[in-house]
Each structure stands twice: as structure tokens, then as C-alpha cells.
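Colleague: I am new to this structure and would love a close look at a single part of it. Could you pick one hairpin, walk me through it, and then show me what lies around it?

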Amino acid sequence: MQEPVIRTEALTKYYGRQRGVEDLDLEVKRGEVFGYLGPNGAGKTTTIRLLLDLIRPTRGRAEVLGMDAHAQGVAIRERVGYLPGELSLYDKMTGSELLQYLGNLRGGVDRGYVASLAERLECDLRQRIKTLSRGNKQKLGIIQAFIHRPELVVLDEPTGGLDPLMQHEFHRMVRELVAEGTTFFISSHNLPEVERICDRVGIVREGSLVAVDEIESLKAKALRKLEIHFASPVPLTLFQELPGVRDARLENNTLSCSVVGSMDAVIKTAARFEVLNVVSPEVSLEEIFIEYYQGGSDA
Amino acid sequence: MLSNIFLKTLRDQRVSFTWWSLGVVALCVFLVAYYPSVTRTPSLSEFFEEAPEWIKAFVGESIEDYTSPAGYLNGELFYMMAPLIFLIFAIARGSAAIAGEEHDGTLDLLLANPLPRWQVVLEKAASLAVSTVALGAVLWLSLIVAAPAVNMDISHARLAAAILSCVLLGLVFGAFALALGCATGKRGTAIGVATALAFATFFLNSLAHVVGGLKGWNRLSPFYYYIEAEPLKYGLNGLHALVLFSVALLLVGLSSVFFARRDVLV
Ligand SMILES: Nc1ncnc2c1ncn2[C@@H]1O[C@H](COP(=O)(O)OP(=O)(O)OP(=O)(O)O)[C@@H](O)[C@H]1O
Ligand SMILES: [Mg+2]
């Protein structure tokens, strides 16, 4: 078996008394897109900064590309791209100056490739970074993580600030690079995004890894919310009896409910009536967790 | 200018360095322009000669020959003004080098590159040294260009020695601010503590001439090694310059050790 690209053993970080992460055992395989999902303050950024040797563990250790994160940090960072969660760029530079500088610190990079990345994300490199919008800064942050064609790309909440169109372009780039063998470690608190691009997901909560799962089984257990607006009254009990449906309510001909796993039954039942609109409100991660465990213990 | 951290750090300073240089040039123009009025007032010398011993000690011995070019520059420039300029310049840069970038949040991006942390510190320290020396060169050039206009006769070599002393003094405190920034990651702390220490050691050196109990203790002050041997009159004191240089170097070494060991703040 191939050795993992990332492996942590009982990795623990305390900031004084404040818990960062605790006893983290994590393995990321070569060539996969690993989603690192967790609510605010769960320890995602802490984990990532431990991998980059920006902070040092209180206990335990981390290996990246088979090397010790601290002792061989320089050799690791040569082959890793990183997007910080709280991105700050050199305000006074232009985008192209920034990328040139960071490329030079890596001993020079392929300029044509940099230009093509910028073009794909529609990033204007001539503008001073100070005057860029948040989304455009984020694009620069993403580009700089890719310029040296790293084997492993670690992205801390990459799509914050990107508009949906650019998010899709970014997802396409990830998919293409994965096809070329790149491994991704992506933190997020956005389940739909993780579902779209990841192969496996680790769920972290209050500093501990609570589950690692294939994306398919996560989808099967994940909770979604659904609102269906009907043209005329419908019988509520019909929906309440469907498998996986919880908390079904009817108000002004609008059915709201939560669904665990497949939506198939609900949609097919709804199709018997005249449907005006279907909305799927975003679910908070906390709600997903609760459901994930209830679902897990039921099975 | 973007090929490494050293050059990029210098490049970042080009605007502020220009302003500092203009300030130094302006100061030299004033100093030189006022020199004739001092020489025309012999009573000024006499006044200082009659001054009580403690004032002389406090203001510096050079006051006794205040009207000579060297005496004038010692009293007006090297006693207070020049150290102030180089200290502020170097402390600002030393504290910005690591702690400033940490505060701006760009350090994560920088340290994600395949460079050991000591190299980052060393390149930043080198750019601090080069820019401080460059400011010294601006001061030297301005003075030697302006002085002949008023027949102010100064030795170029000794002027260079005095300015080099001052540059080294600045570098000691700049390196101290760098070390504090590397150890704590806090720019404010670095500036504050380095400035406080500069004032304390300045007064320690001055007061040691007057207060009997402090005699000898001024050897602990960098200002002693900067001015005590009066490089403007007698040339560079190699030993004193070496002390300043070594202390600065030691502090840079400590900086990289401190920085390599700790967490980068967000
Ligand atoms: N420098 C620090 N000092 C003290 N506590 C910290 C520090 N950095 C993080 N923490 C704490 O560690 C915990 C984990 O934080 P972390 O930033 O890793 O969370 P996160 O999962 O990245 O959250 P978010 O989704 O908000 O980015 C939090 O409780 C946080 O308060
Ligand atoms: Mg975070």
C-alpha cells in the first residue's frame, strides 16, 4: 500500500489552556480530495497550520509526504501549496509582483502556467492588491498555492468570497489537478461544497476528529431541509410516513421538512400534486452532526 | 528586486527611505547653515567654560570646544540628534521585520515557502543593516558636500568613523527590536522595550560622568561604546566598534533561535 500523504498521530495542540485540537489521528491518501469539515472554532485552521509547521504541537506528531512536519519542514514545503485561512497579502504589491516574488522564493516557476491560472480565475494581476475586492484577493491566494505545481495542496476555506461562477471554475481546477495526481486537503464548513469536490471527509468538532467517511456514505446519512410550495392543500400525513422524513409541517400550502439520505420518496410523492416551487435551505453543520449520530446509532 | 526576501524588504522601504534621506539632508543643511553664527559668537565658548561641571558632563565634554567644527558637530549632531535618528530608523525596521509582518498577517504566506526560519530572519536582518548603513552614507555625503560652503573644515575619514559608530549603535537597538519581535511576535512590545532600553542606557552613560555611584557602570551602555572614544576627534576606536558589532550580531543570532522555536501568531 502507498504511504499516506498526510498522517498525524495523537496530534494535539493547546494554546495555553485553550484547546486547539486533541489526539488527532488522520490519514490522507495520495491522489484524493480530503474534505476537512467542521464548525467555527473546531480546529481546522489549527490542524492545517500544524501541518505547515507554522505552529508546533503540544503532543503527538504529524507527517507530510512521509516526512516529519517540523524536522523536515523545508523539504515538505517545497512540494506543498498552501492557502491560509485568514489570507493577508502584501497590500502594496500588484498581483503579478506578488506571484513573481513567491515564485522566486521557490526558485522560479513557469510563468505561462501562472498566467493561465490567472486567466481561468479571471484575476487581474496588474491591479494593486490593496484595491482588490475580497473575492479577487482570494483568487490570488488560490493561484499562489498552485504556481509551483505542488503534490499536495492544503487549502483553508478556499471559496470564501468567491462568487458561484468562480467557485465552479475552482472546483473544475481541483478536479483536473486530481486527475494529474495532486492530493488536496481542503477545510470547509460548507457541506454542499465538500459534497461536490471531495472523495472523503473528516469531520472535526471541538478539537476532535469525530468521523472519517467516504463522501457517498456521508451523503446517505446527511440531513437536508426541504420546502415545497404547493398550489393547493396536500395531506400532511402522506409525507410524514415517508422514509427518512422528519419534522414535517404544513403552513399555507407549504410543506417544510428535514430529510435524511435520499430525497427520492419525497420528490416522487410531491410530484403527484401541483408544485410551485422547491427550496432547500442550507443546514447548519451542528444540525448535520446531530443527525449524523442519530442516524449512525439507528443503523 | 523581487528575487529574494532581502531585496524585497529593501524594495518595500524605498519610499520611506527617500523621506528619511530628505530629512537627513535637511538636517545637514540647517547644521551647516548655522555654523557661521556659532563661530562668530566667541562668548558661547566662554559661557560653556563657565558652566557648572555637571552641565558639561551631561551635555558632553565636547562643549568645551563648541566652536570648532568637530566640537560643533559633536554637540549638535552626534550627542543627541544622530543617535536619535538612527535609533528610530533601526528600531522601526527591526520591529517590522518579523513582528510587523506577523501583525499584518503575511507571515503565513512567507513561511509556507521552502525556507528555514533562520534564513528569513537573516535576510531581514541583512536588509536592516544595509538600509541603516545607506542612511549613514546619506548623512556623510550631505555633510561633506555642504561643509565647504561655510569653510567648515572636517576630516572625511573621522566623520565617516563617527557616523559608522552611530550606525552600529542603531544596529544594536534595531537588532534588539528584531529579537524582541522574533521572541514575542508583537511589534508594539518590540518598539516599546527597545526604546525604553535606549533611553535608560543613554542616561546611564551620561549620568555615570556625574554620579559617583554609577562610575564604571556606563560600560554596560551601548552609548559608551558609541561616543566615549570620540571618533569624530580621534577616529574609530576599533575595540568599541567591535563591541557594538558583536552585540548586534549576537542579537540577530538570538533572533533566529527565538523565531525558529515558537508558534507564528495569526
Ligand atoms: N492563537 C490562538 N490563541 C488561542 N486560542 C486559539 C488560537 N488560535 C486558535 N485558537 C482556538 O483554537 C480553537 C480552534 O481554532 P481554529 O482556528 O483551528 O478553528 P477553525 O476550525 O479553523 O474555525 P473557523 O471555521 O472559524 O476558521 C478555537 O477554540 C480557537 O479559539
Ligand atoms: Mg479556520
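Modeller: Let's start with the hairpin that S1(A) and S2(A) form, which has 2 residues between its strands. In the turn sits Gly16(A), whose phi is positive, at about 65 degrees. Please keep in mind that this is a predicted model. Right beside the turn, Tyr15(A) has Gln18(A) of S2(A) as its bridge partner. From there the two strands run along each other in the antiparallel sense, and S1(A) and S2(A) are paired over 7 bridges.

Now look at what S1(A) does with another strand. S1(A), residues 6–15, is also joined to S4(A), residues 59–64, and here 5 bridges hold an antiparallel pair. One place to find this pairing is Arg7(A), which stands opposite Glu63(A) in S4(A).

Put these pairings together and you have an open sheet of 4 strands in chain A, ordered S2-S1-S4-S5, with antiparallel pairing. The edges are taken by S2(A), residues 18–28, and S5(A), residues 67–68; each has a single partner strand, so one side of each is left without a neighbour in the sheet. Our hairpin therefore includes one of these edge strands, S2(A).

Further along chain A there is another open sheet to visit. It has 4 strands as well, in the order S12-S13-S11-S14, and the pairing is antiparallel. Its edge strands are S12(A), residues 245–251, and S14(A), residues 275–279, and each of them pairs on one side only. If you ignore direction, neighbouring strands in this sheet are turned against each other by 15 degrees on average. Within it, S12(A) pairs with S13(A), residues 254–260, in the antiparallel sense over 5 bridges. A pair to look for is Leu250(A), which stands opposite Leu255(A) in S13(A).

Finally, step back to see where chain A meets chain B. Here 27 residues of chain B are in contact with 26 residues of chain A. The area buried between the two chains is about 2,500 Å², and carbon and sulfur atoms give 55% of that. On the chain B side, the residues that lose the most area to chain A are Leu2(B), Leu109(B) and Pro114(B), together 28% of what that side buries.

There are charged and polar links too. The two chains share 3 salt bridges, and one salt bridge to look up is that of Arg49(A) with Asp108(B), where the closest N and O atoms are 2.8 Å apart. The count of residue pairs in polar contact between the chains, with both residues at pLDDT 80 or more, is 18. Four helices of chain B give two or more residues each to the side touching chain A: H1 (5–12), H6 (81–104), H7 (107–111) and H13 (238–261). Of these, H7(B) gives the most, with 4 residues. By type, that side of chain B divides into 13 nonpolar, 5 polar and 9 charged residues.

Key: Residues numbered from 1 in each chain as written. Chains lettered and ligands numbered in written order. Predicted model: local features only at pLDDT ≥ 70, side-chain atom pairs only at ≥ 80, totals over all residues. Heavy atoms only, no water. Contact = heavy atoms within 4.5 Å. Buried area = accessible area lost by both parts, 1.4 Å probe. Salt bridge = Lys/Arg side-chain N within 4 Å of Asp/Glu carboxyl O. Polar contact = N/O pair within 3.5 Å; in protein donor to acceptor, adjacent residues only side chain to side chain. Nonpolar A, V, L, I, M, F, W, Y, C, P; charged D, E, K, R; others polar. Pairing = 2+ DSSP bridges. Axes fitted to C-alpha atoms, helices over the stretch in contact; angles between N-to-C directions.
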